[in-house]
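Q: I am new to this structure and would like a close look at one part of it, the salt bridges. Please start with the overall build and then go to the pairs.

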Amino acid sequence: MAESAGVAVNGAAEEIRNKYLPPDESERSGIAFCMSGGGYRATLFDLGAMRRLDELGILSQVRTFTSVSGGSIAAAFLAAHLVDRLGGRWPAAGERIPEFDRGVAEPLRMMAETNVRTQAAVARLNPLNIRRQNAAADTLEGRYEETITNSAINQLPSEPGFVFCATDLTFRCHWWVDSRNQRAGNDVSGWISTNDDYWTIARAVAASSCFPGVFPPMEVDVSRATGAGKAKETLPGSKPVRSIDVTDGGVFDNLGVEPVWTDHSIVLVSDASPSFGPSPDLGPIWPSIRPIVSLLEQATLVRKRWLISNFLKGDLEGAYWGIASLPRNYGTVPGSQAYDGDLIERYLSQVRIELDAFTPAEIGILENHGYLMCDLAIRKHLPSLPSIDAPLQPPHPALMERSTVERELKSSHRYKLLGRGDWR
């Protein structure tokens, strides 16, 4: 009896360890690159990071790209470039991505100059859409198809994998679209095959970026999902679930680390999560959304602390850089550059988080910031990873001056009800 009890206890301990601690290094392989949510500011911050990783020959070494909301827009441009321009042929590990500027950076910047959110946000005000829960999500998908790609998830090669992260509001857990395994869903509501033209890259990004309070959640039919899960069970007092509501991935995991931390050797995280000051210029909506923002911020902070503590203890290998990270926290790193910490705290970390039009100067400064912080983190924590000795050259050198940043970002924290760009 005592022996069987001991076996049970040991089994429970092993189960807990497998659930909460990283597996042994021998069970993990490859590099994961995680791009957080944060509207266009995340998209642009991630573009800068992708550029520097490409220059160093690291981007082509990535086994899996995970992304949330604004980060999913950046990932989608890279995925679209892979399908539409490179014919699905990913370069060999350590090589540069062909035509990165023409295929990724330039069209991404063009999109960031447009207002995507207002048309989608007001879509349900149309009397014809009153009964259409997916009116906003469909509008977002249409804009993403126009500006990024209309290619389907099943057109992506198995390597590298792209995971577009969203949140399952019905069962309150993660939900993602996974190109490597050609499926969408989770182990709770079940998995839907994406091996058809319905699940486009644009639709995956729309699911990932339906930010609550701005866009209604996307309704997803799970009646044909594979796997038992809770959706197919008849729980006491309830009926089997035939559809679920999916919202912005940041509600569950704004860093996008959940799909990869257990099975990848190296985890790189580019984070442009909310970093609001005490009184952000959000107008009359701030009091009503402040509790939601507080929950998002504390959830991200817990994941960030967990991630960095695992890096410091050596349980995980990788690097983290954030839009609010201060260069002095990385210590002295020879050859590095960065914006001044005061500029980061007062301006760059306060740039608005939305899918409204950004100015060319805002675009360039955020791209510079992601580029420089990525380089700083890689030099500090993974100096042996680069395969190319590439000089550090910020993509927009004219936007490095302090006075220029202060002038161009002085109003970047402000939100406008109908947006800054034409949305019709």
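How many helices and strands does the chain have, and which residues form a salt bridge with R203?

A: This is a predicted model. The chain has twelve helices and ten strands.

First, the overall build. A compact globule of 424 residues would have a radius of gyration near 22 Å, and the chain, with 21 Å, agrees with that. Along the principal axes, the C-alpha atoms fill a box of roughly 70 × 60 × 45 Å. Of the 424 residues, 53% are buried. When contacts between residues at least 6 apart in sequence are taken, 76% of them join residues at least 24 apart. The exposed area of the chain is about 18700 Å², and carbon and sulfur atoms supply 52% of it.

Next, the charges. The chain carries 43 positive and 51 negative side chains. The centres of these two sets lie 5 Å apart. Side chains of opposite charge can pair when their charged atoms come close. The structure holds 26 salt bridges, and a few of them are described below.

The pair you asked about is R203 with E141, where the closest N and O atoms are 2.9 Å apart. R203 belongs to helix α7, residues 201-208, and E141 to helix α6, residues 135-147, so this salt bridge ties together parts that are 62 residues apart in sequence. Both partners, R203 and E141, are buried.

Another of the salt bridges joins D315 and K313, with 3.6 Å between the closest N and O atoms. Here the surroundings of the two residues can be given one by one. D315 has a relative accessible area of 29%, which means that D315 is partly exposed, the range for that being between 20% and 50%. K313 has a relative accessibility of 59%, so K313 counts as exposed.

A further salt bridge links R352 to E354, and the closest N and O atoms of this pair are 3.5 Å apart. R352 and E354 are both buried. This pair also belongs to a network: salt bridges that share partners join R352 and E354 with R117, D356 and E362.

To put the pairs side by side: R203 and E141 are buried, and R352 and E354 are buried too. In the pair of D315 and K313, by contrast, D315 is partly exposed and K313 is exposed.

Technical notes: Residues numbered from 1 in each chain as written. Predicted model: local features only at pLDDT ≥ 70, side-chain atom pairs only at ≥ 80, totals over all residues. Heavy atoms only, no water. Helix = DSSP H or I, 4+ residues; strand = E, 2+ residues; numbered from the N terminus. Rg over C-alpha atoms; globule rule 2.2 N^0.38 Å. Buried < 20%, exposed > 50% of the residue type's maximum accessible area, 1.4 Å probe, protein only. Contact = heavy atoms within 4.5 Å. Areas by Shrake-Rupley, 256 points an atom, 1.4 Å probe, with all protein chains shown as cover. Lys, Arg positive; Asp, Glu negative; His and termini not counted. Charge placed at Lys NZ, Arg CZ, Asp CG, Glu CD. Salt bridge = Lys/Arg side-chain N within 4 Å of Asp/Glu carboxyl O.
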